[in-house]
Amino acid sequence: MALGRLLRQTTVPDTAAGLGAEAAVYSMLLAGSEFRRWLAARGGPKPVVPPDRPLVRVDRDGELLSVVLDHPERRNALSFRLREELLEAVRLAELDPGIDRVLLRGNGPVFCSGGDLDKFGTAVDVVAAYLVRLERAPWRIIDRLRDRVSAHVQGGCIGAGIEMAAFAGRLVATPATFFRLPEIEMGLVPGAGGTVSIPRRVGRWRAAWMMLTGDRIDTATALRWKLIDAVEDVTTS
């Protein structure tokens, strides 16, 4: 019910309003019984020791800024730290007028497996969670820079992975890539901008189908639905 009402509000030209509505519903559902059941069945949050290196690699070559999600040990899952590093990377592109192109990629066999599940359930204040999700969102900047941003994805492009990549002006996938929005299983809605970015590409009804079923779609379907713009082999390192 919450997702259905949300999709009626987010398929609008005003990105900020759409993301605000999504953040509010997502944060509300963090306090819901469905999410609590999922979290209890999973055993609650688990400690994760991140590597002693940046989780987002940034390289500048003239007018091109290459931004690489670089935590392949965790399938580039969107943890708090990776999100913050990605935010700083895309802010650089927004603030530097000499950067004309941004290329977003993921290191390893998987572009991004979605939110880091071992971090789920650590938010104790849903209001604070709402504000963080709204103010610390890299996808807001990706949307503002969309005409300059290309995303090249491979392997699994799940949850937050496809949600933020779909904001890019050009989205390219390898032939074996698959896409999935699994948040329904957790009692949640997409929370990385997906209720805004996915309907813009595939329409509200196909977006609702992806979000309500949690089923994966392959590259051929994604191309036919215009979720992606092209199918090509891409570099993954």
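This text walks through the buried and exposed parts of a predicted model.

Start with the core. The largest nonpolar core counts 67 residues. Within this core, Leu-69, Phe-179, Ile-198 and Leu-227 have the most contacts. Helix 4, residues 80–95, is the element that gives the most to the core, with six residues.

Phe-179 deserves a closer look. Set aside its neighbours within four places in sequence, and its contacts include Val-153, Cys-157, Ile-162 and Ala-173. They also include a stretch of consecutive numbers: Asp-215, Arg-216, Ile-217, Asp-218 and Thr-219. Ala-222, Leu-227 and Ile-228 complete the list. Leu-227 thus appears here as a contact of Phe-179, and it is also named among the core residues with the most contacts.

Another of those core residues, Ile-198, leads to helix 8. This helix spans residues 194–202, and eight of its nine residues are buried, so it is largely enclosed by the rest of the structure. The buried ones are Gly-194, Thr-195, Val-196, Ser-197, Ile-198, Pro-199, Arg-201 and Val-202. What covers them? The cover includes helix 1 (2–10), helix 2, helix 7 (160–165) and strand 6 (170–173). Helix 9 (204–213) and helix 10 (219–225) are also part of the cover. After helix 8 comes Gly-203, with a positive phi near 90°.

Helix 3, residues 33–42, shows a two-sided pattern. Phe-35, Trp-38 and Leu-39 are buried. They cover an arc of only 95° around the axis, which puts them on the same side of the helix. Arg-37, Ala-40 and Ala-41 are exposed on the other side. Which element do the buried residues of helix 3 pack against? They pack against helix 2 (15–29). Helix 2 is also among the elements that cover the buried residues of helix 8. Just after helix 3, Gly-43 takes a positive phi of about 100°.

Next, a charged residue. Asp-143 sits in helix 6, residues 138–144. Is it buried or exposed? Its relative accessibility is 11%, so Asp-143 counts as buried, the cut-off being under 20%. Beyond neighbours within four places in sequence, Asp-143 is in contact with Thr-15, Phe-167 and Arg-200.

Finish at the surface. Val-126, Val-127 and Leu-131 form a nonpolar patch there. Together they have about 240 Å² of accessible area. Leu-131 belongs to helix 5, residues 126–135. With a relative accessible area of 44%, Leu-131 is partly exposed.

Key:
Residues numbered from 1 in each chain as written. Predicted model: local features only at pLDDT ≥ 70, side-chain atom pairs only at ≥ 80, totals over all residues. Heavy atoms only, no water. Buried < 20%, exposed > 50% of the residue type's maximum accessible area, 1.4 Å probe, protein only. Helix = DSSP H or I, 4+ residues; strand = E, 2+ residues; numbered from the N terminus. Arc of directions from axis to C-beta. Contact = heavy atoms within 4.5 Å. Core = buried A, V, L, I, M, F, W, Y, C linked by side-chain atoms within 4.5 Å. Patch = residues over 30% accessible without salt bridge, like charges linked within 9 Å, V, L, I, M, F, W, Y side chains within 5 Å. Areas by Shrake-Rupley, 256 points an atom, 1.4 Å probe, with all protein chains shown as cover. Salt bridge = Lys/Arg side-chain N within 4 Å of Asp/Glu carboxyl O.
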